[in-house]
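The following exercises concern the packing of helices and the surroundings of single residues. Each task is followed by a solution in steps.

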Amino acid sequence: MKRFSIYTTLSLILLCGCVDKQPSASIDDLYIGGIYNHQLILDGAEGVSSTFTVKAKHDWTIIDYKGFSCTPSSGEKNFDGVATTVTATPLKANNTADTIRLSDLNFKLLATRFVGISVLQMPQIRFPKGNIVRIDALNGSTTKATIMSQCEDIELVVSGNITASLGEANSKFERTITITTTSDNNTTSEQVIGTIGFKANGVTQGGKMEVVQISALSFDRSVVMLPSRAGVGNTLRINSKFDVEVSNTSQLFSVTRESGTSFTVTATADNTTDAKRSLGSVNVILKDYPDCGISIDVVQRPNKAPQTIVAYFIGTALQSFFKNNVTKILEALEKDIQGKSQILVIATESTSDATLYELRYDKILGKAVQEEVKELTLTTPYNAGLFERNLREALRFAPADKYALLVGSHALGWIPKGYIPSTFSTLQRLGFDPSKLWQRDKNAEITRHLGDSEPTRYDVSEIASAIEANNVKFDYILFDACFMGNIESAYELRNSAKYIVGSPCEVMGAGFPYDEVTPYMLTEGGKSYDLDKICSKYVDYYRTSAATPSACIAVTHTDELDALASAMKAVNGAEIRSDFSLGRVQYYEGQNPHTFYDLGDMVEQSCADSAVAEKFKTQLDKTVTSRYHTDRFYSAYGGNNIYYHDIYYYSGTTTSAMVEHYSTAWKETAWYKATH
């Protein structure tokens, strides 16, 4: 069996032993390459061949097959030589709509018979998935569908209110069908308006494609949920290619057309109660078909939600990961766990555009939905004012008793913009060679560090300023971003949140497993949260399920930071141990020189006054809790194909004290000023 691992091979099942006491072959005497999952799949057209390879320790023969030919069907032993290529060719076309089974392909070596391959034949013409094509409601609308066939003589058989034409085959034997409607669908339901069948070489093929004309009118949601505050709108998109007329059934809300079929629905008065309030409905009809109309209910939320979570995904380099993060949050919400809490997402679409969405469980539809609230305009370079405005839109839409902020992005901890790629302008002016820093290995996995250009980054101080300007203090800020578990950033944000959740090392590109951690952001029916569980689930996922087992996380209690700064000031006033070496301190990235060192380890190794060091450790244990980590961390930086680094000391937070290349910037941090 060891030889099977060299090729894409088939495990063969020995059915019969020796006959008439002749020598028998073993299962190790034969292997077959070039097939998958015990199956050889032939094309649906007559005479179109597929191949596989055979090696054997004895002379071999292919037996018991039908519906196709095999050339050659026998061969001499060649176990140590070049494999024999066998060509299998179907004897006739498969004119059905399904993949059919022709027979087994069996082998005989000496007197031993092996069952080898199930031989299947695909349909001669392969249709789009589901055999359904959808097209717009307007007469004259067009769409395209792709079929695949190696048959040259294909004819369309078209029926219903459509026309269709078939294009030429490309190098992959794909052909494009262009379909056009010949009538309107002026109803609020989908309609099957035609079918497309096929003839190949004059023979009618099994199966047809259905052409479905979508409804003339639909909404992007089941109900318009308005915030409790008057004057804060919610976007309603009406899906229609026709001209529409919109009206509202009460004066409790207004409907304003923004563009095309995009409307803003706005309550005219606050809801000061603790219950939802029905405001009426939006009525929409087609201007040319007034009998075609839909109504959608408008509901105003209670005065305040128990909790609002704002997820702010910054930049475009990680967009595919961010979209998956949102999908995973929706998966968690499918279990109807959020109660009256609200979840908003600010998603960056480009360097100039973003969208504010709401994620919620829709009891009418019985599923979690993502609904657009408002389009946002971005200006570069990013700054505190932009963060403040975007955050304000979310907070105005969803007032709550308490708030949480999730920040998904590339990040570099506390380090200011001028000190990070791609320019390193400040470091260059200081005479430091930037080429020694942050050179990502081209073969490394994607992590949430760097990637976006400098105009689309925020400094930690800008985030703190933006939060302060909104007159809010979050219960917690969770950074789904690299290196944000550092003491300098936490101290900068001490007035912005009660707790800071961050990683001392790089966060893998996939980020947090939101399907697993979202339930712990919405405990007690959405009213509360469990940060310790969020942290432990995060690390457990990367320890047991992820392809890259690397994760570090901790929670910083900001109300303990001033006491920690005082303890650190005492450390800085003490003597440094004569045998101290920065090179022995735990680091959290793979480059040389390092930038992020373990704060607890640095103090323990450097402070010569044991009483001062112990007092600092006691305070650090009160300040940084829920410390979880894998045995090693992954870093895309450092080169030499060394990606994993051992963790032998873990206090849960880092510092850039004693880091020469960032010393000028570090002395401008609030943490430095509080501790010196």
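**Exercise 1. Helices H9 and H11**

Task: Determine in which hand H9 passes H11, and describe the contact of the two helices.

Solution. The model is predicted. In it, H9 passes H11 in a left-handed crossing.

Step 1. Two packed helices are described by the angle between their axes and the distance between the axes. For H9 (residues 561-573) and H11 (residues 610-623), the axes come within 9 Å and cross at roughly 160 degrees.

Step 2. Angles over 145 degrees count as roughly antiparallel, so H9 is roughly antiparallel to H11.

Step 3. H9 contributes Leu561, Ala563, Leu564, Ala567, Met568, Ala570 and Val571 to the contact, and H11 contributes Val612, Phe616, Gln619, Leu620 and Thr623.

Step 4. Sorted by class, the residues of this contact between H9 and H11 are 10 nonpolar, 2 polar and no charged.

**Exercise 2. Helices H1 and H6**

Task: State at what angle the axes of H1 and H6 cross, and classify the pair.

Solution. Step 1. The axes of H1 (residues 319-333) and H6 (residues 514-521) come within 8 Å and cross at roughly 55 degrees.

Step 2. Angles under 35 degrees count as roughly parallel, and those from 65 to 115 as roughly perpendicular. The crossing of roughly 55 degrees therefore makes H1 and H6 oblique to each other.

Step 3. The crossing in which H1 passes H6 is right-handed. On the side of H1, the contact is made by Asn325, Lys328, Ile329, Glu331, Ala332 and Leu333; on the side of H6, by Tyr514, Asp515, Thr518 and Pro519.

Step 4. The contact of H1 with H6 has 5 nonpolar, 2 polar and 3 charged residues.

**Exercise 3. Helices H2 and H4**

Task: Find which residues of H2 and H4 make the contact, after stating how the axes cross.

Solution. Step 1. H2 (residues 384-397) and H4 (residues 460-469) have axes that come within 8 Å and cross at roughly 45 degrees. H2 and H4 are therefore oblique to each other, and H2 passes H4 in a right-handed crossing.

Step 2. From H2, the contact involves Ala384, Phe387, Glu388 and Leu391; from H4, it involves Glu462, Ile463, Ser465, Ala466, Ile467 and Ala469.

Step 3. The residues of the contact of H2 with H4 comprise 7 nonpolar, 1 polar and 2 charged.

**Exercise 4. Two strand residues**

Task: Decide whether Phe219 is buried or exposed, and give its contacts. Do likewise for Glu155.

Solution. Step 1. Phe219 is in strand S19 (residues 218-219). Buried means under 20% relative accessible area, so Phe219, at 14%, counts as buried.

Step 2. Apart from neighbours within four places in sequence, Phe219 is in contact with Leu236, Arg237, Ile238, Asn239, Val284, Ile294, Ser295 and Ile296. The C-alpha atoms of Phe219 and Val555, 336 residues apart along the chain, are separated by 42 Å.

Step 3. Glu155 lies in strand S13 (residues 154-160). At 43% relative accessibility, Glu155 counts as partly exposed.

Step 4. Not counting residues up to four places away in sequence, Glu155 touches Gly197, Phe198 and Lys199. Glu155 and Gly116, 39 residues apart in sequence, are 38 Å apart in space from C-alpha to C-alpha.

**Exercise 5. Cysteines**

Task: State how many disulfides the structure holds, and classify Cys70 and Cys292 by accessibility.

Solution. Step 1. The structure holds 0 disulfides.

Step 2. Cys70 counts as buried at 7% relative accessibility, and Cys292 counts as buried at 4%.

Terms used
Residues are numbered from 1 along each chain as its sequence is written. This is a predicted model: local features need pLDDT of at least 70, side-chain atom pairs count only at pLDDT 80 or more; totals for chains, interfaces and linings use all residues. Side-chain values use heavy atoms; hydrogens and water are left out. Axes are lines fitted to C-alpha atoms, for helices over the stretch in contact, and angles run from 0 to 180 degrees between N-to-C directions. Helices (H or I, at least four residues) and strands (E, at least two) are DSSP runs, numbered from the N terminus. A crossing is left-handed if the near helix is turned anticlockwise from the far one by less than a right angle, and right-handed if clockwise. Contact means heavy atoms within 4.5 Å. Ala, Val, Leu, Ile, Met, Phe, Trp, Tyr, Cys and Pro count as nonpolar, Asp, Glu, Lys and Arg as charged, and the others, Gly among them, as polar. A disulfide is a pair of cysteine sulfur atoms within 2.5 Å. Buried means under 20% relative accessible area, exposed over 50%, partly exposed in between (1.4 Å probe, protein chains only).
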